[in-house]
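This briefing is meant to be read alongside the sequence and the coordinates. It begins with the overall composition and then turns to individual helices, charged pairs and one loop residue.

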Amino acid sequence: RGCPALIDLTDSFPQQICAPVESSVPLSLKNHNEVLRCFTVLACTFPDRLLGFLLPKLENHNERIRVGTLIIMRQIINCAPSQMEIKKPFILSSMKLPLQDTSNKVRRAVVQVISAMAHHGYLEQAGGEVMIEYIVHQCALPPDTQPRKQTPEADDLTSDSVQNISINTLFLISTTVDRMDEVLWPYLLEFVTPIQFTGALTPLCRSLMHLATKKQEEGENAFLIHYDTHANLPSPCALMARLLTVSSQPYLGDGRGAAALRLLNVLHLNIHPKLGRLWKKKIPHLVEHLEANTEKSLSPKEWEDELLLLLRETLTAISDHAWICQFITEMCKQLNSYNGFPSEKNFLYKCIGTALGVCSNKDVVQKQLQELLETARYQEEEEREGLASGFGICAINHLDETLAKLEDFVKSDVFKKSVGLFSIFK
């Protein structure tokens, strides 16, 4: 006897659910909520038939149909959890096409569905990590370049709106859903180093800091990362290089410098066991300095000098030749990632120079200097300046090796083809 009710309700599906809800019109909102409650009843009574009706609609490329279907999916995930329990893998697999949709309305609806999934144990299933990656991608959305339309729904149509909802969702599931700790830690670290997630760094760092602090409270065994069992995680050297480099532009991305430094501080055991005392003393002062200033009042030169001093003291405290060599190699490997971020790349050259200055192996120093000279993009002004500064910093401790490499470079074809290079290094 319930089947006619299902047919009647699903026949009115496009009109009742897919049409925009006028939140300022109480009757419209009331009708919308009543229809959603009807779908909850159907989910409890005819779960198979309802999913058989709904899930194919996620393959429909009509924006309204897809958004409406996602709204109903969120409703039944939240309100019929026991009936949906055995359907979790099926529901997760049905999200493949909506995840590829570039409509901002669909993106927002997908994020809301993923939030519901996080609260009801879907993301621990196979395929759950794809949903988390989707949220991080939305956190990294670039700003809108098109002017906003002056309509009541304008905010809903912007990438900024989707990004804000995604940032709030990531933080919410990281801090309030206990069952997500094992899913997100240390998985979220995978998104820290890839350059395409730069826009998501601040929310990522904040979520990771909360997770790391919680793991610390559970004990060292829970907190320490076993890198050998997490093949896709960035190495400690890669994490330190990335977080230090992005801190050089501290006020970008809603304050990523303070967020990155706080995360570094809390991760100290997972970076190197000798760093706890030094970083607990130094990093809070750096964060306080950022918070006491603004982008206008902070001296970029003084800030860079503070970070380079932290790096030099960090490597001195580590005093592990193999680790320092690995760190230098990792920084050099990351250089090309910053081709679209000239200020950060400039600073990274200075970090490499600082690390080479601390390095005691003169063969390693000469090898890396040679690579830097051969691979630098000399047509970029900030890169030329960064390279020259890096060589100058390195020369403080390795003057002979630095001069020898420059002398060889002056005789090379690269130098002869690049007009004006001599004045850069002079």
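Aspartate 181 is buried, with a relative accessible area of 5%, and it is one of several charged residues taken up below. The model is a predicted one, and its secondary structure comes to 26 helices and zero strands. Of the 426 residues of the protein, 50% count as buried. Among the contacts with a separation of 6 or more, residues 24 or more positions apart account for 72%.

**Aspartate 181 and its surroundings**

- Aspartate 181 belongs to helix α12, which covers residues 181-184, and its side chain makes a polar contact of 2.9 Å with the side chain of lysine 214.
- Once neighbours within four places in sequence are set aside, the residues in contact with aspartate 181 are Ser174, Leu211, Lys214, Lys215 and Glu218.

**Salt bridges**

- The count of salt bridges in the model comes to 20, and the pairs described here are among them.
- In one of these salt bridges, glutamate 182 pairs with lysine 215, with the closest N and O atoms 2.6 Å apart; the pair links distant parts of the chain, since glutamate 182 lies in helix α12 and lysine 215 in helix α13 (residues 201-218), 33 residues apart.
- The two partners of that pair fall into opposite classes of accessibility: glutamate 182 is exposed, with a relative accessible area of 58%, whereas lysine 215 is buried, with a relative accessible area of 4%.
- Lysine 350 and glutamate 304 also meet through their side chains in a salt bridge, at 2.8 Å from N to O; because lysine 350 lies in helix α21 and glutamate 304 in helix α19, the pair ties together parts that are 46 residues apart in sequence.
- Lysine 350 counts as buried at 11% relative accessibility, and glutamate 304 likewise counts as buried, at 12%.
- Lysine 350 also forms a salt bridge with glutamate 385, where the closest N and O atoms are 3.9 Å apart; this pair links distant parts of the chain, with glutamate 385 in helix α23 (residues 381-395) and lysine 350 in helix α21, 35 residues apart.
- Glutamate 385 counts as partly exposed, at 38% relative accessibility.
- Salt bridges that share partners join Asp178, Asp181 and Lys214 into one network.

**Helix α20**

- Helix α20 (residues 321-334) has 14 residues and reaches 20 Å from its first C-alpha to its last, close to the 20 Å expected at 1.5 Å a residue.
- At the N-terminal end of α20, aspartate 320 acts as a cap, with a side-chain oxygen lying 3.1 Å from the backbone nitrogen of alanine 322.
- Which residues of α20 are buried? They are Trp323, Ile324, Cys325, Phe327, Ile328, Glu330, Met331, Cys332 and Gln334.
- These buried residues of α20 pack against five helices, namely α15 (236-246), α17 (268-271), α19 (300-318), α21 (342-358) and α22 (362-375).

**The pairing of α18 and α19**

- The axes of helix α18 (residues 276-292) and α19 come within 11 Å and cross at roughly 170°, and the two helices are therefore roughly antiparallel to each other.
- On the α18 side, the residues that meet α19 are Leu278, Trp279, Lys282, Ile283, Leu286, His289 and Leu290.
- On the α19 side, the residues that meet α18 are Trp303, Glu306, Leu307, Leu309, Leu310, Glu313, Thr314 and Ala317.
- An α-helix has 3.6 residues a turn, so residues three or four places apart point the same way.

**Serine 248 in a loop**

- Serine 248 is placed in the loop between α15 and α16 (252-266), and at 6% relative accessibility it counts as buried.
- The side chain of serine 248 reaches the backbone oxygen of threonine 245 at 2.6 Å.
- Leaving aside neighbours within four places in sequence, serine 248 is in contact with Trp303, Leu307, Glu344 and Phe347, and both Trp303 and Leu307 are among the residues of α19 that meet α18.

Terms used. Residues are numbered from 1 along each chain as its sequence is written. This is a predicted model: local features need pLDDT of at least 70, side-chain atom pairs count only at pLDDT 80 or more; totals for chains, interfaces and linings use all residues. Side-chain values use heavy atoms; hydrogens and water are left out. Helices (H or I, at least four residues) and strands (E, at least two) are DSSP runs, numbered from the N terminus. The expected span of a helix is 1.5 Å times one less than its number of residues. Buried means under 20% relative accessible area, exposed over 50%, partly exposed in between (1.4 Å probe, protein chains only). Contact means heavy atoms within 4.5 Å. A polar contact is a pair of N or O atoms within 3.5 Å; within protein, one must be able to donate a hydrogen and the other to accept it, and residues adjacent in sequence count only if both atoms are side-chain atoms. A salt bridge is a side-chain nitrogen of Lys or Arg within 4 Å of a carboxyl oxygen of Asp or Glu. Axes are lines fitted to C-alpha atoms, for helices over the stretch in contact, and angles run from 0 to 180 degrees between N-to-C directions. Angles under 35 degrees count as roughly parallel, over 145 as roughly antiparallel, 65 to 115 as roughly perpendicular and the rest as oblique.
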